[in-house]
Amino acid sequence: MEPIAVLQGRRVLLGVTGGIGAYKICVLASRLTQAGAEVDVVMTEAATRFVAPLTFQALTGRPVYTDLWSTPGPGLPTHIAHVGLAHSADLLVIAPATANTLAKLAHGLADNLLTTLALAATCPVLVVPAMDAGMWSNVATQANVQTLRARGVRFAGPTWGRMASGLEGEGRMIEPEEILGHIRLVLGRNGPLSGRRVVVTAGPTREFLDPVRFLSNPSSGRQGFALAQAALDRGARVTLIAGPTHLPTPVGAKRVDVISAQEMHDAVLEAVAEADVLLMAAAVADYRPQETVPQKMKKKDAALTLRLVRTPDVLAAVAEQRAKTGRPRVTVGFAAESENLVENARAKMEAKRLDLIVANDVTAADAGFAVGTNRVVILDLQGGVQELPLMSKSAVAEVVLDRVVDLLETAISSRRSA
Ligand code: CTP
C-alpha cells in the first residue's frame, strides 16, 4: 500500500466500540498503518466481543488498550498511564461509535478507557456512528449528536443502507475508504493551502453525434482526482469539475459533473472567478460534430463523412479572464504528447499563458491514459525541467501540489509588494 503524505508520522488514536462494523475498522487500521500513520487502538469491552484486540495489535504493530484498571507495570493504573495517548494524538477517531458511546461522550462520562481518553483529549475528534436506524433517529441520540457538533466534534456518516438487523435505514457506518477521506480532511485542514480555493478538472469529455454515439478519449480521470485529493490534503477548498468517470469523489471536494467541452468551459470559467489555482488535467475534446441529431442516425450503404468543428479552448478562455480579473492566480496545464514532449509542452505553456505545465507521453504503456502510473516532465516559466521517474498518479499529484504551493506563495507575495 502506498504511503500517504498527510498521514506520515501522524498519531491517530482509534477508539473502537461495540458494533458489528468493528470488523471493517480492522481494514481502516491496516490502511492507516500502511499509509504511514501511527495508530493506537483503544477498545471498549463490547468491542472486544466483535473483534479480538490481537487483530488490531497485529495490524498496527502496537499494543491495544482495553482496560481502565489494569496496571501496565508497577505503579499507575492504565487510564493514568495512558492519558498521554490522548494528549499526544493528532486525531481521535471513534469508529464504529455506538449510540451508547455517543451518549457518554455528550454527557462527559468517563466509565471506560475510551471515554476517559476522549474526555482528556485535546485533539480534534471524528465520530463515525453505526447503529440501528431507530436508535440513530431517536431524539435522545439526535440531541447528543447536536451537543457534540456544537462542541466541534466532527461526524462522518452514518449513511442509508442495510444494517445488522437486516433492515434498511439510516444508521449504517460509512466504508473504511470514506472514513480515511474524512481523516485526511481533518489532518490536512491547516496545511499550506488552508483557505485557498483550488479548481481541478479531470476526465474526458464527450461530444455527441446522436443520442447514442459520441467522440471521446480514454482518459480515466485518475490523475485529476489524485490532484484534487492532494489539494484537499493541503487544506484547500476544492472544486472538482469532472467529465464522465466512475471514480468516487474525494471526501471534502465539491464535484461538478460535465459532459461536453462546452459544459467544461462554462463550469471552469464560473469556478475560477474566485479561485486561487486552476489545475487543468481534463482531456478536453478539441473538436465536436458540427451537428448533433436528436434521433439515432440510421446506417446507409454509402460512407459517412462527419464534419467537425472546434470546441472552445478552455485554458485560452481562462487566460483571457485572468488578464482582466487576476483570477486564478496560478494556472497549471497538462500536455498530452506523442512526440517532441518537452518542445511541444513548452510551446503550449507559452501559448496558453500557464505558470506550469505537466507533460506526459501518452504513447507509453505505463503512463498517461487509463493506467495507475504516470511518467511526467514538469516545465516552468524559468526554463526549469523536472523529469520525474515512473510513479503512481498520487505521487505525481504530490509533486505538482508542492510546486503549486510555491507558485501561489510567490504570486501572492509579488502582488503584495507590487
Ligand atoms: N485544453 C483546454 N481546452 C481544450 C483542449 C485542451 O483547456 N479544448 C487543455 C487541457 O486540459 C490541457 C491543455 O489544454 O491542460 C493541453 O491539452 P492537450 O490536449 O495536450 O493540447 P491541445 O491544446 O489540445 O493541443 P494539441 O491537440 O494540438 O496537442
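This passage describes the ligand site, a long helix, the cysteines and several backbone features of a predicted model.

The surroundings of the ligand are considered first. A shell of 16 residues lies around the ligand, and Met-280, Ala-282, Phe-334, Lys-348 and Lys-352 are the ones that come nearest. By residue class, this shell divides into 10 nonpolar, two polar and four charged residues. Two elements of secondary structure, helix α13 (314-325) and strand β17 (330-337), each supply at least two residues of the shell. The largest share comes from β17, with four residues.

Three polar contacts between the ligand and the protein backbone can be described. A polar backbone atom of Met-280 is 2.8 Å from an oxygen atom of the ligand. An oxygen atom of the ligand also lies 2.9 Å from a backbone N or O atom of Leu-315. At Val-314, the partner is a nitrogen atom of the ligand, which lies 3.0 Å from a backbone N or O atom of that residue. The ligand exposes 570 Å² when taken alone, and the protein buries 77% of that area. Met-280 therefore appears twice in this account, since Met-280 is among the residues that come nearest to the ligand and has a backbone atom in polar contact with the ligand.

Helix α15 spans residues 393-417 and has 25 residues. The distance from its first C-alpha to its last is 36 Å, close to the 36 Å expected at 1.5 Å a residue. Several residues of α15 are buried, including Lys-393, Glu-398, Val-399, Val-400 and Leu-401. Farther along the sequence of α15, Val-404, Val-405, Leu-408 and Ile-412 are buried as well.

A buried lysine is also found in helix α1 (residues 22-34), where Lys-24 is placed. Lys-24 counts as buried because its relative accessibility is 15%, and the cut-off for burial is under 20%. The side chain of Lys-24 is joined to that of Glu-175 by a polar contact of 2.9 Å.

The cysteines were examined next. A disulfide is a covalent bond between the sulfur atoms of two cysteines. A search of the whole structure finds zero disulfides. Cys-26 counts as buried because its relative accessibility is 11%. Cys-123 likewise counts as buried, at 12% relative accessibility.

The backbone was then inspected for unusual geometry. Most residues other than glycine have a negative phi, and most peptide bonds are trans. Two cis peptide bonds can be described against this background. The bond from Ala-95 to Pro-96 is cis, with omega near -10°, and Pro-96 is placed in strand β4 (residues 91-97). Gly-157 and Pro-158 are also joined by a cis peptide bond, with omega about 5°. Pro-158 is located in the loop between β6 (154-155) and β7 (159-162).

Positive phi values occur at two residues that are not glycine. Asn-340 has a phi of about 40° and is placed in the loop between β17 and α14 (341-351). Asn-340 is partly exposed because its relative accessible area is 47%. Arg-353 has a phi near 50° and lies in the loop between α14 and β18 (356-361). Arg-353 counts as partly exposed, at 48% relative accessibility. The loop that holds Asn-340 thus adjoins β17, the strand that gives the largest share of the shell around the ligand.

Methods: Residues numbered from 1 in each chain as written. Predicted model: local features only at pLDDT ≥ 70, side-chain atom pairs only at ≥ 80, totals over all residues. Heavy atoms only, no water. Near = heavy atom within 4 Å. Polar contact = N/O pair within 3.5 Å; in protein donor to acceptor, adjacent residues only side chain to side chain. Areas by Shrake-Rupley, 256 points an atom, 1.4 Å probe, with all protein chains shown as cover. Nonpolar A, V, L, I, M, F, W, Y, C, P; charged D, E, K, R; others polar. Disulfide = S-S within 2.5 Å. Buried < 20%, exposed > 50% of the residue type's maximum accessible area, 1.4 Å probe, protein only. Expected span 1.5 Å × (residues − 1).
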